[in-house]
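I opened my notebook to get to know a new structure. Come along, and let us look at it together.

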Amino acid sequence: MKLMKRKYRKLGLPPGTLVHIGEKKTETVKITIIDYTEKEFQEKEVTTIEEAFPFRDTSTVTWINIDGVHNTEMIEKIGKHFALHPLLLEDIAHTEQRPKMEDFKEYIFVVLKMLYYDENGAEIIVEQVSLILGKNFVISFQEREGDVFNPIRERIRGAKGRIRKMEADYLAYAFIDAIVDHYFLILEKVAERIENLENELVSRPTSETLRAIHNLKREMIFLRRSVWPLREVISGLGRSESVLIKKSTELYLRDVYDHTIQVIDTVESFRDMVSGMLDTYLSSISNKMNEVMKVLTIIATIFIPLTFIAGIYGMNFQFMPELGWRWGYFTILCVMALIVIGMVIYFKKKNWL
Amino acid sequence: MKLMKRKYRKLGLPPGTLVHIGEKKTETVKITIIDYTEKEFQEKEVTTIEEAFPFRDTSTVTWINIDGVHNTEMIEKIGKHFALHPLLLEDIAHTEQRPKMEDFKEYIFVVLKMLYYDENGAEIIVEQVSLILGKNFVISFQEREGDVFNPIRERIRGAKGRIRKMEADYLAYAFIDAIVDHYFLILEKVAERIENLENELVSRPTSETLRAIHNLKREMIFLRRSVWPLREVISGLGRSESVLIKKSTELYLRDVYDHTIQVIDTVESFRDMVSGMLDTYLSSISNKMNEVMKVLTIIATIFIPLTFIAGIYGMNFQFMPELGWRWGYFTILCVMALIVIGMVIYFKKKNWL
Amino acid sequence: MKLMKRKYRKLGLPPGTLVHIGEKKTETVKITIIDYTEKEFQEKEVTTIEEAFPFRDTSTVTWINIDGVHNTEMIEKIGKHFALHPLLLEDIAHTEQRPKMEDFKEYIFVVLKMLYYDENGAEIIVEQVSLILGKNFVISFQEREGDVFNPIRERIRGAKGRIRKMEADYLAYAFIDAIVDHYFLILEKVAERIENLENELVSRPTSETLRAIHNLKREMIFLRRSVWPLREVISGLGRSESVLIKKSTELYLRDVYDHTIQVIDTVESFRDMVSGMLDTYLSSISNKMNEVMKVLTIIATIFIPLTFIAGIYGMNFQFMPELGWRWGYFTILCVMALIVIGMVIYFKKKNWL
Amino acid sequence: MKLMKRKYRKLGLPPGTLVHIGEKKTETVKITIIDYTEKEFQEKEVTTIEEAFPFRDTSTVTWINIDGVHNTEMIEKIGKHFALHPLLLEDIAHTEQRPKMEDFKEYIFVVLKMLYYDENGAEIIVEQVSLILGKNFVISFQEREGDVFNPIRERIRGAKGRIRKMEADYLAYAFIDAIVDHYFLILEKVAERIENLENELVSRPTSETLRAIHNLKREMIFLRRSVWPLREVISGLGRSESVLIKKSTELYLRDVYDHTIQVIDTVESFRDMVSGMLDTYLSSISNKMNEVMKVLTIIATIFIPLTFIAGIYGMNFQFMPELGWRWGYFTILCVMALIVIGMVIYFKKKNWL
Amino acid sequence: MKLMKRKYRKLGLPPGTLVHIGEKKTETVKITIIDYTEKEFQEKEVTTIEEAFPFRDTSTVTWINIDGVHNTEMIEKIGKHFALHPLLLEDIAHTEQRPKMEDFKEYIFVVLKMLYYDENGAEIIVEQVSLILGKNFVISFQEREGDVFNPIRERIRGAKGRIRKMEADYLAYAFIDAIVDHYFLILEKVAERIENLENELVSRPTSETLRAIHNLKREMIFLRRSVWPLREVISGLGRSESVLIKKSTELYLRDVYDHTIQVIDTVESFRDMVSGMLDTYLSSISNKMNEVMKVLTIIATIFIPLTFIAGIYGMNFQFMPELGWRWGYFTILCVMALIVIGMVIYFKKKNWL
C-alpha cells in the first residue's frame with residue numbers, strides 16, 4: 001500500500017489537462033454497452049467508443065461501462081460527445097481523487113473508491129470508480145475489469161428485482177450500493193485479523209505482533225480516508241434537487257446511506273480497537289519483562305549470598321578456626337539451606353513465586 | 001462477542017431481498033396478539049400470521065409481537081398485508097442494523113438494540129428489536145422470546161398505569177422505554193466490573209487484569225456503538241411531525257430521551273475510566289518492576305564486592321603477606337562488615353530501603 | 001464515590017411511578033416555608049405539606065423548601081396540589097438525574113447537582129437539588145438539610161441585596177447562583193490536591209502517588225459529568241421565552257452562565273493536568289529505574305571482571321608460573337586497580353557517574 | 001502560577017457585592033486622565049476619582065485609566081456616576097474573570113487578560129484588564145501600573161498614527177491590539193524554551209528535563225484558557241450592532257481578530273509539540289535504559305561463564321586430572337579466550353556492539 | 001525550521017505601520033509586468049514600481065509580480081496608487097500571516113503559504129505569497145524569486161490552455177492552483193520519509209529513529225497550520241459575492257477546493273501515522289530490552305548456581321568427605337550438566353529460547 005501515488009508529472013500543466021495518474025491496472029480498454037427498458041434488452045462489447053455514442057439520444061436506459069482509464073484520448077472523445085466539463089475528465093483519469101459528488105445540472109458526476117484485498121489477502125487495493133449519470137444513461141469508469149458490477153449485470157439480463165422497471169438513476173444507485181456492500185467484505189476480513197491478533201496479543205506477543213498491529217493501524221487510517229467522504233457523497237445525492245434523481249430512488253439512497261454510516265461506525269470501532277491494542281501490547285511486554293526480571297532476581301538473590309559464603313571459606317588465610325572444625329562443612333551447608341528457605345519465604349510473601 | 005456477523009451471503013443480491021443475517025436464536029417463530037381499549041382486553045397466541053391480519057382494521061390498539069426473524073416468508077406476508085416497503089422488511093431480517101428511525105408516512109419504522117448479559121454474565125448479547133408503529137397497531141419483531149416486554153404485557157393485562165388509556169404511539173414508547181431502562185442494568189454490571197478491576201489494578205496487577213481491561217475496553221466500544229445512534233432515533237421520534245405521534249406522548253419521549261442521554265453519558269464516563277485504567281496498569285507494572293530491580297540491585301551491590309574480596313584471598317599466590325597474619329581473617333571480616341554498613345547507609349539515603 | 005446507584009428496583013414499573021432511588025440521606029423530611037414581599041416577611045417550619053398549600057395562591061413570593069425526597073407520598077401530594085406532571089415527580093424522587101431544565105408552561109422544572117466534600121474531605125458527595133419555579137413560588141427539594149441556601153435565607157430575612165424587591169424567578173436564580181458558587185469551593189480543594197500531587201510527582205513518586213492520580217482522574221470524570229449539562233440548563237433558562245422569567249433576571253442568568261463556563265473551563269484544565277500527570281508519573285518511574293539500573297550496572301561491570309581475575313589465580317593447577325613470582329600478588333592488585341580506573345573513566349565519559 | 005485564586009471569601013454574599021478577589025499588586029490606586037480631539041490634548045494625574053467625572057459629558061475623547069482594582073469604594077463611585085451595572089463592577093474587582101464582552105447598550109464592557117513573564121522570566125503572570133467603552137470615553141482598569149499601554153499614550157501625545165483622528169471605539173481597539181500584540185512576546189519566549197528543551201530531549205534527558213516539560217505543559221493549559229475566549233470577545237465586538245462601534249473600526253477589529261486566531265493557532269501547535277515531547281522523553285529514557293542494560297548484559301554474559309570455569313579449577317577435589325597436566329593452565333586460558341571471542345561475535349551479530 | 005519569527009520589533013507601533021518581518025530572502029526587489037488579452041501579449045521587467053502604474057487603468061489583464069517584500073517604501077507607493085488599505089500593506093510586509101482572504105469590495109486580498117524543501121531536502125521552507133485581485137489586474141508579492149509561477153508565465157506566453165481567454169480572476173485562480181499543486185510535491189517527499197522510517201522502526205530502532213520521528217511530528221504540526229486555513233480561504237473565494245469573481249471561475253475554485261481537502265486529508269493521515277510511530281517505537285524498544293534481559297537472565301540463571309557449586313568445593317574445610325572421593329570431581333561435573341539441561345528445558349517451556 002503506497003502512501004501516495006506520484007503526481008508531480010502533472011505539476012505545471014494547465015488545469016483540465018488529461019493525464020493518467022496511477023498504476024495502469026489493465027492493458028487494453030474494454031467497453032461494454034447494456035441498453036434496456038422493462039421489455040427490451042441489448043448487450044454488446046464494442047472496440048471504439050464512437051459505437052457507444054448513438055445511445056445517448058435513445059429513450060432507453062443505457063449503461064456504458066469502460067474498464068481502464070489510462071486511454072486519455074478516448075476519455076476526451078467521450079467528454080466532447082457528452083459535453084462534459086474538462087475538470088471532470090481530468091478527475092476520471094487522475095485516480096487519486098477523494099470520493100465526491102458534483103452536480104453539473106445536465107449530469108451528475110460521482111467518484112467512488114472500490115476496495116478489495118489483493119490475491120494474497122495481504123493488502124487492500126483501491127480502485128477508483130467514476131460514474132456519470134445523465135438523463136437516460138450512466139457511464140461508469142473502472143480502473144480494470146472487475147466483478148463487483150457483475151451481479152447488477154445479471155439482474156438486468158435476467159430482469160430480476162426492480163432494476164429493469166426503473167430509470168438511469170436507479171442504475172447509478174445500484175452501482176453505489178454494490179460498492180458499499182463490498183466494503184462489508186473488507187470489514188469482515190479486517191475483523192478476522194483483529195480477532196486473531198487479539199488472541200496473540202495478551203498471551204504471546206512477539207515483535208511480529210507489533211508489526212501486524214502497526215500495519216493494521218495504518219490500514220485503518222487508509223480505510224477511514226476512503227469511507228468518510230462517502231457519507232457526504234451519498235447524502236449529497238439524496239438531498240440534491242436535480243431532476244435526474246427521481247423521488248422513488250431517494251428511499252433507496254437513504255438505505256445505502258444507512259449502510260455507509262454503518263461502515264463508518266465499524267471502521268471507527270476498529271480504529272479504537274487497534275489503537276487500544278498497541279497500549280495492551282506495551283503493557284503485555286512490560287508484564288513479560290517483569291516476569292523475566294523476577295526470575296533473574298530470584299536466582300541472583302538466592303545464589304549470590306551463598307556464593308559469597310562459599311568464597312569466604314575458600315580464602316587461604318592460615319588462621320581460620322572454622323576450617324578446622326569437625327562439623328564446619330556441614331554447619332555451613334545448613335546455614336546456606338536456612339538462607340535459601342528464608343529467601344523463598346520472603347519471595348512468597350512478596351508474591352514473586 | 002463477534003466483531004461482525006457474516007454478511008457476504010447477501011452480496012450481489014438486489015436491494016430489498018429478504019435474507020436472514022445473524023444467528024438463529026430461536027427455532028420456532030412465536031406470534032402473540034394483544035388487543036385492547038381502555039375497557040376491553042384480548043390476548044392470544046396464533047400459529048399463522050394470517051390470523052393477525054384482521055386486527056389491522058379494527059379501531060382497538062393491537063400489538064402483534066413476533067419472536068424470531070429468520071422466517072423470511074412470514075415477514076414477506078406481513079409486508080404485503082401491511083403494505084410495508086421491501087427495504088424495511090430487509091432491515092428486519094438483517095439483524096446487524098444500526099438503531100434507526102424512519103418515517104414512511106403511513107407507519108413509522110424503528111430499529112433498536114436490546115442488550116443483555118449471557119447466562120454466565122461474561123458477555124454482552126445484542127438482540128435487534130424492530131418496531132412498526134401504524135395507526136392502530138404496533139408490530140414488534142424480536143430475535144427470540146424475551147422478558148423485557150413482560151412488564152408491559154402485565155400492565156396492559158392489569159390496566160396498570162395509563163397504558164390502556166393511551167393509543168398505539170404510547171405503546172411504542174413503552175417498548176422503547178423498557179429497552180432503554182434495561183440498559184441501566186447492563187451499566188450497573190459494567191460498573192461493578194470496573195470497580196472490581198480498579199481495586200485489583202493498583203494493588204496486584206497481573207496479566208489477567210490486563211486481559212480484563214482489554215475486554216472491558218472492547219465492550220465499551222461495542223456498547224457505545226449501540227447507544228449513540230439511539231439519541232438520534234428518539235429525538236427524531238420526538239421532533240417528527242407524523243400524525244402517528246400524539247402531542248401527549250411527546251413529553252414521554254422527552255423523558256426517555258433524557259434517559260438515553262444519561263446512558264450515553266455513563267458509557268462515555270466508563271470509557272474514560274477504562275482508558276485511564278490501561279495507563280494506570282502500565283504505571284503500576286513499571287512500579288513493580290522498579291521494586292524488583294531495587295531488590296536485585298541491593299543484593300548484587302552488597303555481595304558482588306564482598307565476593308570479590310573473598311576471591312582475592314582465595315588466590316594461590318605464594319607471596320601474599322596478609323594470608324600469614326594472625327588476625328588477617330578477622331580483619332577481612334570486619335572490612336566486609338564495614339562495606340555492608342556503608343552500602344546500607346547509601347541505600348537508605350537513596351530511599352531504596 | 002459509587003459509580004452508579006442501583007436502579008433496577010424500578011425496572012418494569014410504568015413511567016411516572018414514584019420510587020425513591022438513591023441513598024436516604026436524612027431520616028425525617030423537613031419542610032420550611034418562607035413568604036415575603038419587599039415589605040413583609042414570614043418564616044415557618046411545618047410538619048405536613050398541606051400547610052404549605054395555601055401559599056400557592058397568594059400574591060407574595062413563597063419559597064417552600066423540602067429536605068428529603070424519600071417520602072414519595074408527600075411528593076405525590078405536592079404534585080396533585082400544584083398540578084405537576086408525573087414524570088417530573090419521578091425525577092425528583094429519582095436522585096440520579098442529569099442536570100436539566102424543562103419548561104412546562106405553567107412552571108419551570110430545574111434539576112441541579114450540589115457537590116460537597118464529605119467530612120474527611122476525601123470524597124465528593126453529590127446531592128440532587130430540584131427546583132420548581134411557578135408564578136409566585138419556588139419549591140426546592142434537597143436530599144438532606146444543607147447549608148448552601150442559608151445565606152439566601154439570611155438575605156431574605158435581613159432584606160439584604162435586592163432579593164426582597166424581586167420576584168420568584170430571582171429567587172430561583174439565587175439558588176442556582178449559590179450552587180454554582182459552591183462549585184468553586186470544590187475546585188479549590190481539587191486544585192490544592194493537584195498541586196500537592198505535582199510536587200510529589202517528579203521528586204518521589206510512589207505507588208501511593210499513582211493511586212492518588214488515578215482517584216483524581218476518576219473524580220474529574222465525575223465532576224465533568226455534573227457540570228457540563230449545567231451550561232445547557234442555564235443558557236436554556238436565559239433563552240427561554242417563558243413569562244415566568246423576567247427581563248431583569250436575564251442579566252443575572254447571564255452572569256451565572258459566565259460562572260458556569262468558568263467552572264467548566266477549570267474542570268477541563270484540571271482534567272488535562274491530571275491526564276498529563278500520569279504520563280509524567282510513568283516517565284518519572286522510568287527515570288528512577290534507569291538510576292537503579294545504572295548503579296547495578298556500574299557495580300557489576302567493575303567487580304565481575306575483577307572477581308574473574310581473582311578466580312583465575314584461585315585455580316589449583318600445578319603449573320601456574322605467576323603463582324610463584326615474588327611480586328605476582330602485587331602485580332595482580334595493580335592490574336585490578338588499573339581496570340577499576342579504566343572503568344570509572346568509561347562511565348564518566350558515558351555520563352553515568 | 002497558582003491554579004486558582006481563593007474565592008471563598010465571597011461565598012454567600014449577594015450577587016453584585018463588590019469584593020476584591022486576587023493578589024493586591026499595587027499599594028495605591030493611580031488615576032490618569034487623557035483627553036483629546038484631533039487638535040487638542042490634555043493629560044493629568046488626579047488623586048480622587050471625582051475629578052474625572054466632568055469628562056463624561058464633554059464631546060472630546062476621554063481615557064480614564066485606573067491602576068489598581070482593590071479600592072472597591074472608588075469602583076462603586078465610578079459605577080454610580082457612569083450608571084454601570086453592579087454585576088459589571090463586581091467583575092472588575094474580581095480578577096479571576098474569563099475574557100468576555102458584554103454589550104449593555106449604553107456602554108460595552110470588555111474583560112481581557114494581559115500576560116507577562118515575571119522579572120526572572122520563570123513564570124507567566126496574568127493581569128486582568130477591564131475596559132468600559134462609552135460614547136466619548138474609555139475607562140480602563142489595570143491591576144497595577146503597566147507599560148503595555150505606554151506606546152498608545154505616546155501615540156496620542158505625539159498625534160502619531162490615526163488615533164487622534166478617531167473616536168473612543170478606536171481607542172478601545174488600540175488597547176485590545178496592544179494586549180494581543182503582547183501575547184506574541186510571550187509566545188516567542190515559550191518558543192525559545194521549547195526549542196531549548198527539544199535539543200536537550202533526545203540527546204541527554206534528565207529528570208530536570210521532565211520537570212521542565214511538565215511545567216511547560218501546565219503553562220500551555222494555562223495560556224490556552226486565557227486566549228481561547230478572546231476569539232469570541234473580539235468577534236463579538238466586530239459583529240456587535242452597537243452604535244458605539246463605528247463602521248471604520250470594524251476593519252481594525254477584523255485585523256486584531258486575525259492576530260488572535262494566529263495566537264490561538266500557535267498555542268495549539270505548541271501544545272501539540274509539548275505533548276509530543278513527553279512521549280519522546282519516555283522513549284528516550286527507554287532507549288538509554290536499553291543501552292545500560294546492554295552493557296550490563298555484555299559484561300555479565302562474558303565474565304560469568306569464565307568465572308565459572310575458573311571456579312571449577314578452584315575446587316579442591318583430590319582427583320582432578322587436568323590440574324596435574326603440564327599445559328592445563330594455558331589450555332584453560334585459551335579456552336577462555338575462545339569463549340570471549342565467540343561471545344563478541346555473537347554480540348556483533350546481534351548488533352549490540 | 002524556526003518555531004516563530006521575531007515580531008517584537010513591531011511592538012508598540014500603531015497598526016498599519018509598514019515593517020518588514022521575516023528573513024530577507026532576496027537582496028533586490030524584482031518587478032515584472034505581464035499584460036495580455038486573448039490576442040495581445042506584453043512582458044517586461046521594470047526597475048521602479050511607478051512604471052507599473054499606468055496598467056491599472058487599461059482594459060487588458062495585467063499581472064504585476066513583485067519578488068521581495070522588504071522594500072516597505074515601494075509597498076507604500078503601490079498602496080497609495082491602488083488605494084489599498086494600510087492594514088493590508090502591513091500584512092504583505094509581515095510575512096508571518098496566517099493564510100487568509102479578505103474582500104475589500106474594490107479588490108480581494110489573499111495571503112497564501114508556499115512550501116518547498118530547502119536545497120538539502122532536509123527542511124521545509126515557508127514563503128508568504130500575497131495576491132491582490134483587482135478589476136483588471138493581479139498583483140502578486142513573493143518573498144523571493146520563485147519558479148512555481150513559471151508554468152503559468154509559460155502558458156500566458158504560449159497562449160496554452162484557456163488562461164488568455166479568461167479574466168483576472170482566472171489568473172488569480174491559476175496562482176492558487178499552482179501553490180496547492182505544489183503541496184503534493186511536499187506531501188510526496190514526506191510520504192517517502194515516513195515509509196523509510198517505518199521500515200527502520202520495527203526492525204532496528206535507534207535513537208536516530210526517535211529523533212527523526214520527533215522531527216517529522218513537528219513538521220506535521222507545522223504543515224497542518226499552513227494548510228488548514230486554506231480551506232476557508234478557497235471556500236471563501238468560491239462563496240464570495242464579489243463581482244470580481246466570475247461565475248465561470250467558480251467551478252475552477254471548486255476544483256482547487258477539492259485538492260485542498262485532499263491535501264488536508266493526507267496531512268491528517270500522515271499525522272495519525274507519525275503519531276502511531278512513536279507508540280510503535282516505544283513498544284519496539286521495550287521489545288528489544290526484553291530480548292536483552294532474556295539473554296542476561298538465561299546466562300545468569302544457568303551460571304550463577306553452577307558457580308556456587310564450584311564455590312562449595314573450593315572451600316578449604318579440612319573435613320569435606322566428597323573431596324576425597326575417587327569420582328567426586330566427575331560426579332559434580334555431571335550434576336552441573338544436569339542442572340544446565342534442566343534450566344534449558346525450563347527456558348524452552350517458558351518460550352525464552
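These are my entries on one chain, one contact and one sheet.

Entry one, the overall form of chain A. I noted first that this is a predicted model. I looked up the make-up of chain A and found eight helices and seven strands. Its radius of gyration is 34 Å, well over the 20 Å that the globule rule gives for 353 residues, so chain A is more spread out than a compact globule. Along the principal axes, its C-alpha atoms fill a box of roughly 120 × 45 × 30 Å. I also checked burial: 47% of the 353 residues of chain A count as buried.

Entry two, where chain A meets chain E. I found 49 residues from chain A and 56 residues from chain E in the contact. Which helix of chain A gives the most to this side? It is H6(A), with 19 residues. Sorting the chain A side by residue kind, I got 27 nonpolar, 11 polar and 11 charged.

Entry three, the sheet in chain D. I traced seven strands in an open sheet with mixed pairing, in the order S2-S1-S3-S7-S6-S5-S4. At the edges I found S2 (41-46) and S4 (100-103) of chain D, each pairing on one side only. S1 (residues 30-36) of chain D runs antiparallel to S2(D), and six bridges join them. There, Asp35(D) stands opposite Gln42(D). Then I looked at what packs on the sheet: helix H4 (residues 168-203) of chain D touches S3, S5, S6 and S7, while helix H5 (residues 207-239) of chain D touches S4, S5 and S6.

Terms used
Residues numbered from 1 in each chain as written. Chains lettered and ligands numbered in written order. Predicted model: local features only at pLDDT ≥ 70, side-chain atom pairs only at ≥ 80, totals over all residues. Contact = placed C-beta atoms within 7 Å. Helix = DSSP H or I, 4+ residues; strand = E, 2+ residues; numbered from the N terminus. Nonpolar A, V, L, I, M, F, W, Y, C, P; charged D, E, K, R; others polar. Rg over C-alpha atoms; globule rule 2.2 N^0.38 Å. Buried ≥ 20, exposed ≤ 12 C-beta atoms within 10 Å, placed from the backbone. Pairing = 2+ DSSP bridges. Axes fitted to C-alpha atoms, helices over the stretch in contact; angles between N-to-C directions.
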